[in-house]
Amino acid sequence: ALLLLDRLVVAHSSRGMHLCSSNVHRVLLTAMMLAAKLLDDEAYCSEYWSRVGGVSLSHLNELEVAFLQLIDHRLFVTPEELDAVRASLYLR
């Protein structure tokens, strides 16, 4: 989820995309849901994520589509990218 968030912010920060208190909840929820769908063979359904995140299912579906479009559907994470994130987290 952190890599997906990073891709989103890096790709669109120059266009005004910034995480703030009014959007971080929905953006993080969407990134976590996408990461879970990507990694888990039996991921929770979108309805579950909408209940956990406190947003309507239709809104979450819109967020998912928008997020995927904003990152150009680039969900694949290389082992090197994962290692770089892991290393940066250990340094903190």
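**View 1. Ser50, a buried serine in helix α3.** In this predicted model, Ser50 counts as buried because its relative accessibility is 6%, which falls under the 20% cut-off. You will find Ser50 in helix α3, which spans residues 46-53. Leaving aside residues up to four places away in sequence, look for the neighbours that Ser50 touches: Val55, Ser56, Leu57 and Leu60.

**View 2. The buried residues of helix α1.** Helix α1 covers residues 2-12. Its buried members are Leu3, Leu4, Leu5, Arg7, Leu8 and His12, so Arg7 and His12 sit in the buried set alongside the leucines, each being under 20% relative accessible area. The cover over these buried residues includes three other helices: α2 (24-39), α4 (57-70) and α5 (79-91).

**View 3. The largest pocket and its lining.** Here we turn to the largest pocket, with a volume of about 270 Å³. It is lined by 13 residues, and those closest to its centre are Ala1, Leu3, Leu39, Val77 and Leu82. Leu3 may look familiar from the previous view, where it was one of the buried residues of α1. Helices α1, α2 and α5 each give at least two residues to the lining. By class, the lining has 13 nonpolar residues, with no polar and no charged ones.

**View 4. Two cysteines, Cys20 and Cys45.** Cys20 is partly exposed, with a relative accessible area of 37%. Cys45 is partly exposed as well, at 44%. Both values lie between the 20% and 50% limits, and that is why neither cysteine is called buried or exposed. How many disulfides are counted in the model? The count comes to 0.

Conventions:
Residues numbered from 1 in each chain as written. Predicted model: local features only at pLDDT ≥ 70, side-chain atom pairs only at ≥ 80, totals over all residues. Heavy atoms only, no water. Buried < 20%, exposed > 50% of the residue type's maximum accessible area, 1.4 Å probe, protein only. Helix = DSSP H or I, 4+ residues; strand = E, 2+ residues; numbered from the N terminus. Contact = heavy atoms within 4.5 Å. 1 Å grid on protein atoms, 1.4 Å probe; cavity = no way out; pocket = protein on both sides within 12 Å on 5 of 7 lines; lining within 4 Å. Points joined across faces, edges and corners; volume = space filled by probe spheres on them. Nonpolar A, V, L, I, M, F, W, Y, C, P; charged D, E, K, R; others polar. Disulfide = S-S within 2.5 Å.
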